[in-house]
Amino acid sequence: MFNVLPALAPDPILGLSAAFREDTNPNKIDLGVGVYKDEQGNTPIMDAVAKAQHKLLDEETSKTYITPQGVQGYIDNMLNMILGNDSPALLANRVAAVQAPGGCGALRVLAELIKRCGGDTKVWVSDPTWANHIPLIGDAGLTLETYPYFDKETASIRFDAMMETLRTINKGDVVLLHGCCHNPTGADLTPAQWDEVLEVAKEREFVPFVDLAYLGFGDGLTEDAYGLRLLANNLPEVIIAASCSKNFGLYRERVGLAAVVTQDAAQKAIVQSQIQSVARGIYSMPPSYGGALVNIILSDDTLRQNWQNEVEAMRVRMQELRSLLVKHLHEQGATRDFSFVEKQKGMFSYLCITPEQVREVRSKNSVYFVDSSRVNIAGINKSNVETLAKALVSVL
Ligand code: LMR
């Protein structure tokens, strides 16, 4: 049976981690997969998470099934955090939601839900977008189209071209937008640009699908929710996939949220039953652990403050690393102006070099990042930045 299957190339992002592990160069540098690393190159358990784990261990009395939608406290806390306590959609009981196994799980559940709505709904994704958006959405049987987003030549958003395409999108199609910290480019829409996206969404009646995987890593926890809140407060329907992998450092626990802002409470009840049925048909119910931890943190004022401080420290550090890289590239004699890296947000930047240059710096200097030229800024530290800058300048 299986002899009809061809072997596949390694995943463009996860495959890099495997190649990095095998590299014996003591000066190798990993800027591949999007994982936060501290100055020593470690990804420690966040302090608020460690405390919540102790609390959960003391308080949890059973491992029986949880509800199909997941930990309800987690869902409520997350919705309040991302949409705001004063969200009109939440106050009107218009938001259906389930805890999902990671942001990936949320994206897939929502893609399956869109598929259930029938028709030949197209999902429009940015060019470029996160590589895994393609299988997560496409393998649910949906057709993907792209809208222009980023220009490598000028290292900036192609906003006019993006808007031109959005103005042609049909009613009922879905437009996937990165809530903040665009993956892979790090180039985010400004609030004024989000305002324009809202207007075109109203005009064309497409449904925005916001992927929010890096809340807090751009400008701050509230600031980064600007676009999502704007759309959710002003449109009848918005689809949301959120992740706690990065901002809670809960990568391996797979903690995400699949939510849908619906037109009214009656529709919400229907959509809620449908999302739960999609989940039941794939994995039945989400693992409780990570959601229980996030619930503990967000429900406790002290732990929540503790966590917010940690997110802020990560955010500020990544911003500093951007400046450090730009400074070192300049010092190593880069003739190209890389100051755009400092303006980009979150964990990633596009260095805007060619795939050949990326592969050359990988084979010559053991610097690992995605062929598109996406680097994980958090993989930089004070000890490797000079080596990194030298290696990059050598292939420019
Ligand atoms: C990334 O983009 O590197 C992360 O979101 C990890 C992944 O699953 O690709």
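UniProt annotations may be inferred rather than shown by experiment; here their feature names are shortened and their positions follow the numbering used for this chain. The model shown in every view is predicted.

**View 1. The annotated span, residues 27-392.**
An unreviewed UniProt entry lists these residues as "domain: Aminotransferase class I/classII large". In the model, 45% of the span is helix and 15% is strand. The C-alpha atoms at the two ends of the span are 14 Å apart.

**View 2. Domain 1 and domain 2 and the contact between them.**
The domain assignment gives domain 1 as two stretches, 11-43 + 313-395, and domain 2 as residues 51-299. Their C-alpha centres are separated by 28 Å. Domain 1 puts 21 residues into the contact, and domain 2 puts in 21 residues as well. On the side of domain 1 that touches domain 2, helix H12 (301-331) and strand E11 (348-350) each provide at least two residues. That side of domain 1 is made of 12 nonpolar, six polar and three charged residues.

**View 3. The shell around the ligand.**
Six names make up the shell: Ile-13, Val-33, Gly-34, Trp-130, Asn-132 and Asn-183. Three of these residues are nonpolar and three are polar, and no charged residue is present. Domain 1 and domain 2 each contribute at least three residues to the shell. Asn-183 appears again in View 6, where a cis peptide bond joins this residue to Pro-184.

**View 4. The largest nonpolar core, with 121 residues.**
In soluble globular proteins, nonpolar side chains tend to be buried together. The residues with the most contacts inside this core are Ile-82, Val-109, Leu-110, Val-174, Leu-212, Ala-258 and Ile-275. The core lies between domain 1 and domain 2, because both of them give residues to it. Take Ile-275 as an example: leaving out residues up to four places away in sequence, Ile-275 touches Ala-96, Val-98, Val-109, Leu-113, Ala-258 and Val-260.

**View 5. Val-278 in helix H10 (residues 265-282).**
Is Val-278 buried or exposed? There are 22 other C-beta atoms within 10 Å of Val-278, and a residue counts as buried at 20 or more, so Val-278 is buried. Beyond its neighbours within four places in sequence, Val-278 is in contact with Val-109, Glu-112 and Leu-113. Ala-111 is 167 residues from Val-278 in sequence, yet the two C-alpha atoms are 9.8 Å apart in space.

**View 6. Two cis peptide bonds, each followed by a loop position.**
Most peptide bonds are trans. Asp-127 and Pro-128, however, are joined by a cis peptide bond with omega of about 5 degrees. Pro-128 sits in the loop that runs between strand E3 (122-127) and helix H6 (133-138). A cis peptide bond also joins Asn-183 and Pro-184, here with omega of about 25 degrees. The loop holding Pro-184 runs between strand E7 (174-178) and helix H8 (191-204).

**View 7. Positive phi at Ala-155 and at Cys-181.**
Most residues other than glycine have a negative phi. Ala-155 is not a glycine, but its phi is positive, about 55 degrees. Ala-155 belongs to the loop between strand E5 (150-151) and strand E6 (156-157). This alanine, Ala-155, counts as buried because 22 C-beta neighbours are inside 10 Å. Cys-181 also has a positive phi, near 50 degrees. The place of Cys-181 is in the loop between E7 and H8. With 27 C-beta neighbours inside 10 Å, Cys-181 counts as buried.

**View 8. Arg-204 in helix H8.**
Arg-204 has 16 C-beta neighbours inside 10 Å and therefore counts as partly exposed. Apart from neighbours within four places in sequence, Arg-204 is in contact with Leu-166, Arg-167, Ile-169 and Lys-171. From Arg-204 to Ser-339 the distance is 36 Å, C-alpha to C-alpha, and the pair is 135 residues apart in sequence.

**View 9. Arg-336 in the loop between H12 and helix H13 (340-343).**
How many other C-beta atoms lie within 10 Å of Arg-336? The number is 14, so Arg-336 is partly exposed. Arg-336 and Arg-280 are 56 residues apart in sequence, and their C-alpha atoms are 52 Å apart in space.

Technical notes: Residues numbered from 1 in each chain as written. Predicted model: local features only at pLDDT ≥ 70, side-chain atom pairs only at ≥ 80, totals over all residues. Near = placed C-beta within 6 Å. Nonpolar A, V, L, I, M, F, W, Y, C, P; charged D, E, K, R; others polar. Domains from an automatic or database assignment. Contact = placed C-beta atoms within 7 Å. Helix = DSSP H or I, 4+ residues; strand = E, 2+ residues; numbered from the N terminus. Core = buried A, V, L, I, M, F, W, Y, C linked by C-beta atoms within 7 Å. Buried ≥ 20, exposed ≤ 12 C-beta atoms within 10 Å, placed from the backbone.
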